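Hi everyone, thanks for making time. I'd like to walk you through one model today, so please have your viewers open.

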Amino acid sequence: QLGLCRCLRLLGLSSQMKDCAEGALKRWGREAERLRLGACALGAAWRLREWGEVSRLSAEARYVSREGWQSTGCAEALYEFELARALLALRNGETAAVAPHCDSARAALVPLLAAASMESYAHTYSFLVRLQVLQELQAAVPLLSRLEPPEGSPLRIDAAAEAALEETLGQWDARAASMSSSIQ
């Protein structure tokens, strides 16, 4: 089922990926498979903007310690869980919680990146892109908190916030121009 979930994600079929992962979760008993399938379902839920599901699915794996994730060989699943938690925190306006989740996601990627770097640049590329996603998510937090209007007021952007937004968007555009979705 994990292979099917990966294929569905690459095809952009998030709804089907979520259904497949959740269906398989009901049948699998081993912790490693459950964590990986849960990460697939969670990744699909945030891509579909189903924030209630993101909250429910991420709560189901909170009990697993970092050692538990590493001992089951589920570092990539931990990255997905922490990324989803960071996005959920940002969505819920809990900006202080974004950085710890991004830090945990980075920590999950480090051993994978170290192992991949021993092989080739092609193997490290997807991990570098994931690290860049975390960096840009954290860069967006101060901007989004400055753009939040007071309760019941229209959004007003002051000159400093507008300049910061333009600078960040310029950096993102420059990065996007030099990046591709794959090494090939």
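Let's begin with confidence: what pLDDT does the chain average, and what share of the residues score at least 70? This is a predicted model, and its chain averages a pLDDT of 77, with 69% of the residues at 70 or above. Element by element, helix H7 has the highest mean pLDDT, at 89, while helix H5, residues 66–71, has the lowest, at 56. A general reminder for all of us: where pLDDT is low, the predicted coordinates should not be read in detail.

Now the overall layout. The chain holds nine helices and zero strands, so to speak a plain run of α-α-α-α-α-α-α-α-α when you read along the sequence. Of its 184 residues, 38% count as buried. If you take the contacts between residues at least 6 apart in sequence, 60% of them join residues at least 24 apart.

On to the interior. The largest nonpolar core has 31 residues, and those with the most contacts inside it are Val54, Tyr79, Val98, Leu134 and Leu137. Two or more residues each come from helix H3 (31–47), helix H4 (51–60), helix H6 (75–91), helix H7 (95–117) and helix H8 (121–147). H6 gives the largest share of this core, 11 residues.

Let me zoom in on one of those core residues. Leaving aside residues up to four places away in sequence, valine 98 touches Ala86, Ala89, Leu90, Leu137 and Val141.

That brings us to a helix pair. How do H6 and H7 run relative to each other? Their axes come within 8 Å and cross at roughly 165 degrees. Angles over 145 degrees count as roughly antiparallel, and H6 and H7 are therefore roughly antiparallel to each other. The crossing of H6 and H7 is left-handed. On the H6 side, the contact includes Leu78, Tyr79, Leu83, Ala86, Ala89 and Leu90, and on the H7 side the residues include Val98, His101, Cys102, Ala105 and Leu109.

One last stop, if you'll bear with me: arginine 47, which lies in helix H3. Is arginine 47 buried, partly exposed or exposed? Its relative accessibility is 32%, so arginine 47 counts as partly exposed. The C-alpha atoms of arginine 47 and glycine 12 are separated by 9.4 Å, and these two residues are 35 residues apart along the chain.

That's my tour; thanks for listening, everyone.

Terms used: Residues numbered from 1 in each chain as written. Predicted model: local features only at pLDDT ≥ 70, side-chain atom pairs only at ≥ 80, totals over all residues. Heavy atoms only, no water. Core = buried A, V, L, I, M, F, W, Y, C linked by side-chain atoms within 4.5 Å. Buried < 20%, exposed > 50% of the residue type's maximum accessible area, 1.4 Å probe, protein only. Helix = DSSP H or I, 4+ residues; strand = E, 2+ residues; numbered from the N terminus. Contact = heavy atoms within 4.5 Å. pLDDT = per-residue confidence, 0-100. Axes fitted to C-alpha atoms, helices over the stretch in contact; angles between N-to-C directions. Parallel < 35°, antiparallel > 145°, perpendicular 65-115°, else oblique. Left-handed = near helix turned anticlockwise from the far one by under 90°.
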